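Morning, everyone. Let's walk through one structure together. Please look at the screen.

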Amino acid sequence: MNVVASGSRYDVKLAGVRRPKRPEERCMTRKYFGTDGIRGQANKFPITPDFAMKVGMAAGIAFRRGDYRHRVVIGKDTRLSGYMIESALQAGFTSVGVDVLLLGPMPTPAVALLTRSMRADLGVMISASHNPFADNGIKLFAPDGYKLSDEVEAEIEALLDSDLGPRLADAPQLGRAKRIEGAQARYIEFAKRTLTRNLSLEGLRVVVDCANGAAYKVAPEALWELGAEVVTLGVEPNGVNINKDVGSTAPNALIAKVRETRADIGIALDGDADRVIIVDEKGQVVDGDQLMAVVASSWAEEGRLSVPGLVSTVMSNLGLERYLSSLGLTLERTPVGDRYVVERMRAKGYNLGGEPSGHIVLSDYATTGDGLVAALQLLAVVQKAERPVSEICHCFEPLPQVMKNVRYKAGRPLDDDGVRAAIAKATERLGRAGRLVIRPSGTEPVIRVMAEGDDRTLVTDVVDGVVEVITKAAA
């Protein structure tokens, strides 16, 4: 069960709705793919060299579409295990006759971009995003730069569980591999061109924290070329320090540097640079909800929204929804996960979407979240308005929000009659002044209980009550 319930006129009412292949079920019924590719601890299944090689073989076979030289682009972040996984994937792809173009350390959105621009049959990003260095993952992109559909992932999984020996290429048809020079420059130029030609960042002091990750070269260079005075953090990767006390999930270092240098803005990316968190000139953190509000209001004023509204997840604050409503804009909610945001954007024609965590999807430019491009859109608003970031990025007052997790060993606690009754009662108590979200995690046996509303005491009491009942049912 995935419950989103509220009496608020601002809410999307999904309570009691049963849909085939819910997101958490889509993740749990797949054997190797999760909500964002194949993930795990490096050198432990499934992130091992032998399995990565088989992933390359299976994906290469799945994307063979005709009698021509197929190609795949492979990028990675800065994790030590990236070398191992990259070599294994290269062996797998070339063994089934696919040419490999190696990009080196590159942001995830850059890999998606170059998959399209280099006319590749497939794109691969080796990264575990904001996770610690010991983790790694394999993300796959279709020729159009979008993440793979469930159907294609199922096809690849079926191939992974089959004997691929008979489908290996004959010796003359083996693939070739080469490193691509200038890939970083191509992405930098792309990022700059998302701004109008006459816009300059001169006069702005910008601190950029690259999390010792994939954007450690491209993000500072792009900002500098646009005229900003750039102060850097997290640009000295050593294979094991990615996301360690830096980046979008650890903003304290950025906050301190912004205050120390009296910068106008701080920009924190995560390990693969598909998400961004902003710090204003006062050292206050600005999350993805506020950033989406800024872009939405700016684009609405300029007539750039393809649909009057944006797409975000059930976790976005109700304050964002109310703010958008005051502008005549809608908030379309999806389950948690940027892939579901992108799916809804494509289905209904939105060109703006994202998550509170900082995944901001601007489909006029990119097929996935792009932290650098999202930050540049904010900087464009700052320069145009000639106002400090703290004013521009405080579009609404977030409602108090409380979330707690309940871990369970087996079964479906949310199907318990007592739990259903508790959820109904909690929803009634919140009424029009709040919202309740209850969802199973897609990656671990955890149920997340979140409520928000105008009264923090009420919200806390509601969450505690529901958690208590679910905990008993889970036991």
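I'll take the cores, then a sheet, then one helix. Keep in mind that this is a predicted model.

Start with the nonpolar cores. The largest has 73 residues. Those with the most contacts inside it are Leu201, Ile267, Val276, Ile278, Leu376 and Leu378. Which helix gives the most to this core? Helix 12, residues 371–385, with ten residues. Apart from this core lies another, of 35 residues. Ala52, Leu89, Val96 and Ile138 are among them. As a general point, nonpolar side chains in soluble globular proteins tend to be buried together.

Now zoom in on valine 276. Setting aside neighbours within four places in sequence, valine 276 is in contact with residues including Ile267, Leu291, Ile360 and Ala374.

Next, the sheet. Five strands make an open sheet, ordered 9-8-10-11-12, with mixed pairing. Why do strand 9 (229–233) and strand 12 (285–286) each have one side without a neighbour in the sheet? They stand at the edges, each with a single partner strand. Further in, strand 10 (residues 265–269) and strand 11 (residues 276–280) run antiparallel, joined by five bridges. Isoleucine 265 has aspartate 280 as its bridge partner in strand 11. Helix 12 lies across strands 10 and 11, at about 165 degrees to strand 10.

Last stop, helix 2, residues 49–62. Is it mostly covered or mostly uncovered? Mostly covered: ten of its 14 residues are buried. Phe51, Val55, Met57 and Ile61 are among the buried ones. The buried residues of helix 2 pack against several elements, including helix 3 (82–95), strand 4 (98–105) and helix 5 (150–160).

Technical notes:
Residues numbered from 1 in each chain as written. Predicted model: local features only at pLDDT ≥ 70, side-chain atom pairs only at ≥ 80, totals over all residues. Heavy atoms only, no water. Core = buried A, V, L, I, M, F, W, Y, C linked by side-chain atoms within 4.5 Å. Buried < 20%, exposed > 50% of the residue type's maximum accessible area, 1.4 Å probe, protein only. Helix = DSSP H or I, 4+ residues; strand = E, 2+ residues; numbered from the N terminus. Contact = heavy atoms within 4.5 Å. Pairing = 2+ DSSP bridges. Axes fitted to C-alpha atoms, helices over the stretch in contact; angles between N-to-C directions. Expected span 1.5 Å × (residues − 1).
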